[in-house]
Amino acid sequence: MTDLQKSQITTLREQGYGYATIANAVGLKKDTVVAFCRKAGLTGTKAQGNDRITLDAGFCLHCGNLLQQTPGRKKIKFCSDKCRVAWWNSHPEAVNRKAVYSFTCAHCGKSFTAYGNAGRKYCSHACYIEDRYKGGDGHE
């Protein structure tokens with residue numbers, strides 16, 4: 001169990017959520033949550049009502065703060081723009097890059113890929129300059 005999960009359990013328990021609800025929200029087993037709550041002194045209060053409360057808020061992917069979702073709107077993943085930018089900068093592999101194109105350089109013949117530009121001809125600026133100005137086409 002991470003420190004982030006411990007703080008999330010504490011926050012949710014103080015808000016009156018039950019062990020099973022917290023376990024589902026944090027991604028741990030119910031027994032693990034119960035054991036932590038006993039150790040941390042978070043027992044003694046019964047969850048609000050006997051039915052299972054569905055926790056639809058979630059947590060910020062970067063800092064782990066509890067998020068407040070607005071009904072009828074898209075579910076948010078981050079508590080602020082600062083957290084959103086920090087998370088995406090630290091997880092570049094999670095970016096769904098759909099506009100990756102493969103080419104063969106018009107000058108050197110090397111194959112290369114480019115993101116977001118379907119009209120590339122050269123693998124580098126150096127190849128462009130070499131082909132454009134030193135290519136021997138008589139326009140020097």
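This briefing walks through the fold, cores, hairpin and side-chain pairings of the structure above. Please keep in mind that the model is predicted. The protein chain has five helices and two strands, and along the sequence these elements follow the pattern α-α-α-α-β-β-α. Of its 140 residues, 24% are buried.

**Overall picture**

- The accessible surface of the protein chain is about 10,100 Å², and carbon and sulfur atoms hold 48% of that area.
- Among contacts with a separation of 6 or more, 26% are between residues 24 or more positions apart.

**The nonpolar cores**

- The largest nonpolar core is built from eleven residues, among them Ile9, Leu12, Ile22, Val26, Val33, Phe36 and Phe59.
- Helices α1, α2 (19-26) and α3 (30-40) are the elements that each give two or more residues to this core.
- A second, separate core holds seven residues, including Phe103, Ala114, Cys123 and Cys127.
- As a general point, nonpolar side chains in soluble globular proteins tend to be buried together.

**Helices α1 to α3 up close**

- A good place to start is α2, where Ala20, Thr21, Ile22, Ala23 and Val26 are buried.
- The cover over these buried residues of α2 includes α1 and α3.
- Just past the end of α2, Gly27 adopts a positive phi of about 90°.
- On the α1 side, Gln5 sits in the helix spanning residues 3-14.
- Gln5 counts as buried because its relative accessible area is 17%, under the 20% cut-off.
- Beyond its sequence neighbours up to four places away, Gln5 touches Val26 and Leu28.
- On the α3 side, Val33 is in contact with Ile9, Tyr19, Ile22, Ala23 and Leu28, once neighbours within four places in sequence are left aside.
- Lys30 also belongs to helix α3, and with a relative accessible area of 40% Lys30 is partly exposed.
- Leaving aside neighbours within four places in sequence, Lys30 is in contact with Tyr19, Ala20 and Ala23.
- The C-alpha atoms of Lys30 and Gly18 are 9.6 Å apart, with the two residues twelve places apart in sequence.

**The β hairpin**

- Strand β1 covers residues 100-104, and five bridges join β1 to strand β2 (residues 111-115) in an antiparallel arrangement.
- The two strands form a hairpin with six residues between them, and Gly109 in the turn has a positive phi of about 85°.
- Close to that turn in sequence terms, you can look for Thr104, which stands opposite Ser111 in β2.
- At residue 100, Val100 is partly exposed, with a relative accessible area of 44%.
- Not counting residues up to four places away in sequence, Val100 touches Thr113, Ala114 and Tyr115.
- Val100 and Gly116 are 16 residues apart in sequence, while their C-alpha atoms are 6.2 Å apart in space.

**The salt bridge in α4**

- A search of the whole structure turns up one salt bridge.
- It joins the side chains of Asp81 and Arg84, with an N to O distance of 3.5 Å.
- Asp81 and Arg84 are about one helical turn apart, because they are three residues apart in helix α4 (residues 81-90).
- An α-helix has 3.6 residues a turn, so residues three or four places apart point the same way.
- Side chains of opposite charge can pair when their charged atoms come close.
- The partners differ in how they are classed: Asp81 is exposed at 56% relative accessibility, whereas Arg84 is partly exposed at 36%.

**The cysteines**

- The structure holds zero disulfides.
- Cys83 is in no disulfide, and the nearest cysteine sulfur, that of Cys79, is 3.6 Å away.
- Cys83 is buried, with a relative accessibility of 9%.
- The sulfur of Cys123 has its closest cysteine sulfur in Cys127, 3.7 Å away, which is too far for a bond because a disulfide needs the two sulfur atoms within 2.5 Å.
- Even without a bond between them, Cys123 and Cys127 both belong to the second core.

Methods: Residues numbered from 1 in each chain as written. Predicted model: local features only at pLDDT ≥ 70, side-chain atom pairs only at ≥ 80, totals over all residues. Heavy atoms only, no water. Helix = DSSP H or I, 4+ residues; strand = E, 2+ residues; numbered from the N terminus. Buried < 20%, exposed > 50% of the residue type's maximum accessible area, 1.4 Å probe, protein only. Contact = heavy atoms within 4.5 Å. Salt bridge = Lys/Arg side-chain N within 4 Å of Asp/Glu carboxyl O. Core = buried A, V, L, I, M, F, W, Y, C linked by side-chain atoms within 4.5 Å. Areas by Shrake-Rupley, 256 points an atom, 1.4 Å probe, with all protein chains shown as cover. Pairing = 2+ DSSP bridges.
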